[in-house]
Amino acid sequence: MADTRQRVLEATYACVARWGLAKTSVEDAAREAKVSRATVYRVFPGGREELISAVVAWATLEFFIRLYEQVQGATSLEQVMERGIMFAHRSIVEDEVLQRVMQTEPEKLLPTLTFESIRIRQGIAEFLVPYLEQRGVAQGVNLKEAADFLARMVLSYMSAPGRWDLDDPDQVAQLVRAELLAGVVAGPGQDAGPDR
Amino acid sequence: MAGGVAGSMLPSVEPEATLSRPSSPNRVRIIDATLACLALHGTSKTTVDDIARRAGVSRATVYRVFPGGRDEVLGAVVDTEMARLFSALGVRLGEAGDLTEALVGGIVEASTRVRGHAALAYLVEHEPEMVLGHLAFDESDRLLATASRFTAPFLARWMSPMEAGRVAEWATRIVLSYAIAPSSEMDLTQPAQTAHLVETFVLPGIRALHAADSPTAIDITPFEQGCDQPDRHAVRGAAGGRPTTPPAAHHRLSEYSNPVEQYKGATT
């Protein structure tokens, strides 16, 4: 069942990449996955609508798995945030499927994506907690509150860089070390400095 | 979002441009009636007839003021609500005596207005696609640029225009984040909680950013007291109409306009 689910989702993603969210049907997904329509309905009883929500959730999770792998080797809070923001920003800009869907049918994508972003934020916050513990938070700073605040800001910057050039390691280091972490952590960092 | 009603929900012009348009009583009446309709039925079920009835004017009057009909009215509603928000923000920021007051006041004002907006609440609940399009990726960048372009000159009383731009953008991100996904622990409509957030996370960040750019520590009190104080009456007088940039910031606007114009060019 898990295998079938994965196969149908991958096939659905391929269809969305080709035709978009609105034009992808259960038949298309079934044909692409080489399973029957009945099989798709068995895994996704809600049909097309459930399938589309599931594929957005799945693609989002895939993105976070890649992000997680990217920051795995980081040894400090600063490094994990810098690598994370840069990688996530690049991935979003270079994600052709995401960019095309955002151009042509954002109304189909955004309700699900916004809902998913709440889970993502919790995931980022939980991921940051041990790094914050290791780094040590400033006096009077609540660890959970800081993690939630940082996760919100990471999400905000990765999706909309605003005035910052997030391809420039120096700017990202300034954003993370000065703007975002100055109030959160205790004293200057002991790590080797930003990635070059 | 392409065309149609969805397209018209975009703020099509800069708030400054909207605000300088003379608003006839009928125009305001129609816009306020539309807001009331949206709060009850959303965009898809609101017709020109509904709007005319609620405004107490004829259909012909609605079309005379808004020849484009329903879509044009909806576009004007977004522009007007943005203008009203910026106008209220201008008053709050203009009155602030120091940077902390400006940040806390601005964040609370914006959060309260967003939270208490009945039409917006209806749309978020029933037609989320109408709202979310403005809050994601490139459109979010556009909104950040518009909001920070308006609020930065007020903050430039306490820091360089470059820094003010960044801080204004940061504050906008904070408002948006907690508006889209409210937190049970942090309610930004509450001044005490907002002050805690600003003092804990934002002010140290502003000081550190400043230190990273220049060797002297940032002065949180208004510099050049007196000549630099904005004319509060001018700002206050703008509450119902046109928000004015605090006159005090004008001499720095020339420096400020450079990165802003570049940014504008990159996003439009």
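Trainee: So a residue is exposed if 12 or fewer other C-beta atoms lie within 10 Å of its own, and buried if 20 or more do. Lys34(A), then: buried or exposed?

Mentor: Exposed, because Lys34(A) has 9 other C-beta atoms within 10 Å. Keep in mind that this is a predicted model.

Trainee: Where is Lys34(A) found?

Mentor: In chain A, in the loop between α2 (26–33) and α3 (37–43). Its phi is positive, about 60 degrees, although Lys34(A) is not a glycine.

Trainee: What sign does phi usually have?

Mentor: Most residues other than glycine have a negative phi.

Trainee: What about Phe137(B), where does that lie?

Mentor: In helix α10 of chain B. Phe137(B) is not a glycine either, yet has a positive phi of about 50 degrees.

Trainee: Buried or exposed, that Phe137(B)?

Mentor: Buried. The cut-off is 20 or more, and Phe137(B) has 20 other C-beta atoms within 10 Å, so it qualifies.

Trainee: Switching topic. How many helices and strands does chain B have?

Mentor: Chain B has 14 helices and zero strands. Buried residues are 38% of its 268 residues.

Trainee: And what share of chain B's contacts with a separation of 6 or more comes from residues 24 or more positions apart?

Mentor: That share is 66%.

Trainee: Let's zoom in on α11(B). How many of its residues are buried?

Mentor: 17 of the 20 residues of α11(B), so it is mostly covered.

Trainee: What should helix α11 of chain B span?

Mentor: Residues 161–180 make 20 residues, so at 1.5 Å a residue the expected span is 28 Å. The end C-alpha atoms are 28 Å apart, which agrees.

Trainee: How do α7(B) and α11(B) cross?

Mentor: The axes of α7(B), residues 99–115, and α11(B) come within 10 Å and cross at roughly 35 degrees. The crossing is right-handed.

Trainee: Which residues make that contact?

Mentor: From α7(B), Leu103(B), Gly106(B), Ile107(B), Ala110(B), Ser111(B) and Val114(B). From α11(B), Ala171(B), Ile174(B), Val175(B), Tyr178(B) and Ala179(B). By class, the contact of α7(B) with α11(B) has nine nonpolar, two polar and no charged residues.

Trainee: What does Trp170(B) touch?

Mentor: Trp170(B) lies in helix α11 of chain B. Leaving out residues up to four places away in sequence, Trp170(B) touches Glu179(A) and Val202(B). Trp170(B) counts as buried, because 26 C-beta neighbours sit inside 10 Å.

Trainee: How far is the C-alpha of Trp170(B) from that of Ile206(B)?

Mentor: 9.9 Å, with the two positions 36 residues apart along the chain.

Trainee: Glu179(A) is on the other chain. How many residues does each chain give to the contact?

Mentor: Chain B gives 30 residues and chain A gives 26 residues. On the chain B side, the elements giving two or more residues are α9 (128–132), α10 (137–155), α11 and α12 (191–213). α12(B) gives the most, with eight residues.

Trainee: And that side of chain B by class?

Mentor: The side of chain B that touches chain A has 16 nonpolar, seven polar and seven charged residues.

Trainee: Last one. Which residues touch the most other members of the largest nonpolar core?

Mentor: Ile85(A), Leu150(A), Val154(A), Ile107(B) and Leu155(B), out of 100 residues in that core. Setting aside residues up to four places away in sequence, Val154(A) touches Met81(A), Gly84(A), Ile85(A) and Ile124(A). Another core, of 15 residues, lies apart from the largest one and includes Ala33(B), Leu74(B), Val77(B) and Met130(B).

Notes. Residues are numbered from 1 along each chain as its sequence is written. Chains are lettered from A and ligands numbered from 1 in the order in which they are written. This is a predicted model: local features need pLDDT of at least 70, side-chain atom pairs count only at pLDDT 80 or more; totals for chains, interfaces and linings use all residues. Helices (H or I, at least four residues) and strands (E, at least two) are DSSP runs, numbered from the N terminus. The expected span of a helix is 1.5 Å times one less than its number of residues. Two residues are in contact if their C-beta atoms, placed from the backbone, lie within 7 Å. Ala, Val, Leu, Ile, Met, Phe, Trp, Tyr, Cys and Pro count as nonpolar, Asp, Glu, Lys and Arg as charged, and the others, Gly among them, as polar. Axes are lines fitted to C-alpha atoms, for helices over the stretch in contact, and angles run from 0 to 180 degrees between N-to-C directions. A crossing is left-handed if the near helix is turned anticlockwise from the far one by less than a right angle, and right-handed if clockwise. A nonpolar core is a set of buried Ala, Val, Leu, Ile, Met, Phe, Trp, Tyr and Cys residues joined through C-beta atoms within 7 Å.
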